[in-house]
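Reader: I would like a close look at one part of this protein, namely the open spaces at its surface. Please take me through them with care.

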Amino acid sequence: MKVRTRFAPSPTGYMHIGGMRTALFNWLYAKKHGGQFILRIDDTDQQRNIDDALAPILQAFRWLNLDWDEGPEVGGDYGPYFQSQRGDLYTAAADRLLAEGKAYRCFDTPEEVQADKEAARETGKPPEGMRRSLALSEAEIQQKLDNSNPWVLRFKVPQDRKVEIEDEIRGHVEWDAALMFDPNIMRSNGSPLYNFATVVDDAQLDITHVIRAEEHLTNTAVQVLLYEALGEPVPAFAHIPFVMAPGTKKKISKREIDKYRKSPQFKILFDLSNSVLPQIGLDEETLNPVMVEFYEQTGFLPAGLLNSLGRTGWSFDETTEFMSLEFLIENFSLGRVVKAAAAFDPEKLMSYQAHWMNELSASERAERCTPFLQKAGLLSAEPSDADRAKLALVVESLGDRIKVASDILTYGYFFKNEIEYDEKAFNKRVAKGNVPELLIEFRPVLAELADWTLESIETALQQFSESKEIGTGLLINALRIVSTGSPAGPGVYDCLVIVGKETVLTRIETAIGKATAG
């Protein structure tokens with residue numbers, strides 16, 4: 001079976017998470033059937049800097065390892081792949097429809113168009129006078145053109161029929177053409193409107209399967225008629241459900257980002273945003289979870305996001321959750337795409353991400369954490385062997401606490417010369433009771449240790465605690481705060497080994513001074 005799918009984004013300056021899911025389904029369908037995936041750019045806004053606006057979109061595809069067979073940067077036999085460069089194709093198709101009597105210049109005034117719309121609302125069908133421009137003679141048309149009267153090119157809908165498709169997801173869909181307006185397909189300046197440009201482009205690119213969001217279903221009837229009028233084969237259609245914002249019934253949208261900040265369902269992602277982005281010099285106001293770039297910049301794995309997008313509106317069976325890109329390619333089918341809107345689920349995304357992060361070796365996790373420490377100024381651009389060894393110890397000790405690579409910044413105290421105490425924890429664990437006195441006595445014990453290892457430190461602490469007839473927890477909790485400043489992190493013995501003997505001894509002395517100062 002011949003398969004050519006496409007994704008046609010507008011260069012908006014970012015890649016929308018819902019659009020990425022649509023692109024993924026197109027990509028998977030093409031790869032599953034040994035076909036081609038085409039990237040076409042609908043750059044109709046001539047005021048926008050196309051390079052800057054397109055770069056984040058192409059980067060999103062690169063980051064997720066979704067290569068395109070034809071399109072920007074790679075070329076192809078069906079180019080150009082930018083709508084702004086395809087004007088001759090639209091003009092030729094429009095001239096042909098006009099010559100064959102399948103389209104006509106409409107000189108209706110805005111007032112007449114508005115009156116037609118109001119009449120249609122009352123009757124439920126286009127008014128009979130809608131095609132008044134068809135009654136004009138050639139001489140009258142030429143006169144209006146000579147007078148520079150405004151006009152648009154309208155497609156003449158054959159109103160004596162139904163339009164029917166077998167949608168790959170929604171089944172049989174039909175429309176009564178008698179209820180359809182003659183749509184505008186081109187402005188007088190030669191710029192095409194969406195439905196017309198899409199048909200001309202998809203036909204010229206030899207697209208066999210149009211897989212797109214369900215909101216485009218209403219455009220399909222006109223597009224089918226245009227394919228037929230141009231003598232082009234009608235592609236198969238598959239209208240996939242839109243991606244809902246969690247906790248709502250609405251399509252996820254960048255315009256709603258302020259509402260999402262207050263959403264409990266989004267909290268896990270905005271907590272990540274608030275914690276990470278300021279540390280690595282990125283603006284929380286311009287980067288958010290609706291954008292694919294957010295996930296790259298905050299340390300997600302491509303596998304985690306792809307798993308999430310692949311499961312948003314599609315499933316392999318009732319139980320399989322974790323899916324690699326290879327698994328998705330092998331098993332994807334349009335038949336298992338649901339009809340109902342599917343919610344983007346941040347909690348599930350995090351579970352997928354955690355799974356794929358845990359599939360990496362400790363050295364691979366450390367490698368992914370490195371850029372975040374560097375961006376935060378906690379690690380040099382050329383880390384020393386000692387720095388790399390410390391990072392390896394930190395990552396290994398944290399285990400599955402690192403769900404995204406930027407989580408390493410939560411434990412940045414391992415890479416700082418000076419630490420900041422969690423004041424509440426310090427007062428509770430260090431500055432209370434006889435803890436300062438115990439630390440004064442235990443410090444020389446640590447100083448005398450010949451081997452600075454987990455085992456030697458643990459043995460020393462247990463023996464000291466027994467000699468003082470206290471539980472080990474009292475010093476364990478105190479030493480965690482003393483050595484790192486934080487009540488959270490790896491085991492206390494790991495912390496002490498990673499921080500290092502001399503630094504631990506210095507920090508104990510500093511903490512004792514702070515605790516006894518009052």
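Which residues lie nearest the centre of the largest pocket, and how many residues line it?

Author: The model is a predicted one, and in it the largest pocket is lined by 45 residues, among which Ala8, Pro9, Ser10, Asp42 and His216 lie nearest the centre. The space within this pocket comes to about 1,100 Å³. Several elements of secondary structure contribute to its wall: strands S1 (4-7) and S8 (209-213), together with helices H1 (17-32), H3 (87-99) and H6 (194-204), each supply at least two lining residues. Of these contributions, the largest share is that of H1, which provides 5 residues of the lining. Sorted by class, the lining of the largest pocket holds 17 nonpolar and 17 polar residues, along with 11 charged ones.

The second largest pocket can be described in the same order. Its volume is about 350 Å³, and it is lined by 19 residues, of which Asp108, Val113, Val152, Arg154 and Asn184 are the closest to its centre. Here helix H4 (110-123) and strand S4 (152-155) each give at least two residues to the lining, and H4 gives the most, with 4 residues. As for the chemical classes in the lining of this second largest pocket, 10 residues are nonpolar, 4 are polar and 5 are charged.

Terms used. Residues are numbered from 1 along each chain as its sequence is written. This is a predicted model: local features need pLDDT of at least 70, side-chain atom pairs count only at pLDDT 80 or more; totals for chains, interfaces and linings use all residues. Side-chain values use heavy atoms; hydrogens and water are left out. On a 1 Å grid over the protein atoms alone, a cavity is a set of points where a 1.4 Å probe fits but cannot get out, and a pocket is an open set with protein on both sides within 12 Å along at least five of seven lines; lining residues have an atom within 4 Å of a point. Grid points are joined across faces, edges and corners, and a volume is the space filled by probe spheres set on the points. Ala, Val, Leu, Ile, Met, Phe, Trp, Tyr, Cys and Pro count as nonpolar, Asp, Glu, Lys and Arg as charged, and the others, Gly among them, as polar.
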